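Grab a coffee and work through a few exercises on this structure. Try each task on your own before you read the solution under it.

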Amino acid sequence: MLKIDHIGIAVPSVEEAKKFVKDAFGLEMEEIEIVASQKVKVGRVRFENIILEFLEPTAPNSPISGFIEKRGGGLHHIAISVENVKGTLKSLKEKGVSLIDGEPRGGAAYKWIAFLSPKNPAKTLIELVETKGGIDEN
Ligand code: ZN
């Protein structure tokens with residue numbers, strides 16, 4: 001059975017989100033990481049079975065800048081953990097699923113990631129993640 005790895009939440013300030021989850025729920029955010037290639041700051045909060053990934057743009061042309069401008073932030077994407085991103089993309093292409101990434105790319109905390117177009121019937125941006133230490137780790 002597939003698992004949801006994490007939920008991505010766009011915020012104007014990861015530091016403010018960190019303070020909020022600590023004050024409200026006593027949850028610690030992991031060390032905030034800057035992902036230069038995606039022009040985002042990332043802070044992760046681990047729950048027993050899922051991670052909340054808070055994303056703050058670091059540049060006006062970051063992939064999440066427009067989302068924050070239009071909606072003020074909020075639920076941005078759902079990430080499904082798969083054993084093999086490349087193979088899953090191939091199978092989705094054959095099924096005619098609309099993709100943002102035709103090929104996997106390297107992700108911050110993951111071996112490979114890829115995004116599907118949000119113009120699917122679920123109307124949600126979906127990320128595929130291949131967790132490190134997966135079956136084809138070399
Ligand atoms: Zn993500």
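**Exercise 1. Work out the spacing of the zinc donors along the chain, then describe the geometry of the site.**

Keep in mind that this is a predicted model. Start with who holds the metal: the zinc ion is coordinated by His6 (NE2), Glu53 (OE), His77 (NE2) and Glu127 (OE). Those contacts run from 2.0 to 2.3 Å. Reading the donors along the chain gives you the pattern H-x46-E-x23-H-x49-E. Next, place the middle two: glutamate 53 sits in strand E4 (residues 51–57), and histidine 77 sits in strand E5 (residues 74–81), so this pair ties together parts that are 24 residues apart in sequence. Glutamate 53 and histidine 77 are both buried.

Now the angles. To be called tetrahedral, four donors need all angles between 85 and 135 degrees. Here the four donor atoms subtend 88 to 173° around the zinc ion, which makes the arrangement irregular.

**Exercise 2. Find out which residues of helix H3 are buried and which are exposed.**

Helix H3 covers residues 85–94, and its buried residues are Val85, Leu89 and Leu92. Look down the axis of H3: the buried residues fall within an arc of 65°, so they line one face of the helix. Over on the other side of H3 you'll find Lys86, Lys90 and Glu94, which are exposed. What do the buried residues of H3 pack against? Their partners are strand E6 (112–116) and strand E7 (126–130).

Finish with the two ends. At the start of H3, asparagine 84 puts a side-chain oxygen within 3.1 Å of the backbone nitrogen of lysine 86. Just after H3 comes glycine 96, with a positive phi of about 80°.

**Exercise 3. Locate lysine 39 and lysine 123, and say what is notable about phi in each.**

First, the background: most residues other than glycine have a negative phi. Lysine 39 has a positive phi, near 55°. Lysine 39 lies in the loop between strand E2 (33–35) and strand E3 (40–46). With a relative accessible area of 32%, lysine 39 is partly exposed.

Then repeat the steps for lysine 123. Phi is positive here too, near 50°, and lysine 123 belongs to the loop between E6 and E7. Its relative accessibility of 63% puts lysine 123 in the exposed class.

**Exercise 4. Decide whether valine 35 and asparagine 61 are buried or exposed, and give a C-alpha distance for each.**

Valine 35 is part of strand E2. The cut-off for buried is under 20% relative accessible area, and valine 35 comes in at 12%, so valine 35 is buried. Valine 35 and proline 57 are 22 residues apart in sequence, with 9.8 Å from C-alpha to C-alpha.

Asparagine 61 is in the loop between E4 and helix H2 (65–71). Exposed means over 50%, and asparagine 61 has 52%, so asparagine 61 is exposed. From asparagine 61 to glutamine 38 the C-alpha distance is 9.6 Å, across 23 residues of sequence.

**Exercise 5. Count the aromatic pairs and describe how the rings meet.**

The count is one aromatic pair. Phenylalanine 20 and phenylalanine 25 form it, with ring centres 6.1 Å apart and 90° between the planes. Planes over 60 degrees apart count as edge-to-face, and that's the label this pair gets. As for solvent, phenylalanine 25 is exposed, at 57% relative accessibility.

Technical notes: Residues are numbered from 1 along each chain as its sequence is written. This is a predicted model: local features need pLDDT of at least 70, side-chain atom pairs count only at pLDDT 80 or more; totals for chains, interfaces and linings use all residues. Side-chain values use heavy atoms; hydrogens and water are left out. Rings of Phe, Tyr and Trp (its six-membered ring) pair if their centres lie within 6.5 Å; planes under 30 degrees apart count as stacked, over 60 as edge-to-face and the rest as tilted. Buried means under 20% relative accessible area, exposed over 50%, partly exposed in between (1.4 Å probe, protein chains only). Donors are N, O and S atoms within 2.8 Å of the metal (3.2 Å for Na, K and Ca); water is not among the atoms, so sites may look incomplete. Four donors count as tetrahedral if all angles lie between 85 and 135 degrees; four count as square planar and six as octahedral if opposite donors are over 155 degrees apart and all others between 65 and 115; anything else is irregular. Helices (H or I, at least four residues) and strands (E, at least two) are DSSP runs, numbered from the N terminus. The arc is that of the directions from the helix axis to the C-beta atoms. Contact means heavy atoms within 4.5 Å. A polar contact is a pair of N or O atoms within 3.5 Å; within protein, one must be able to donate a hydrogen and the other to accept it, and residues adjacent in sequence count only if both atoms are side-chain atoms.
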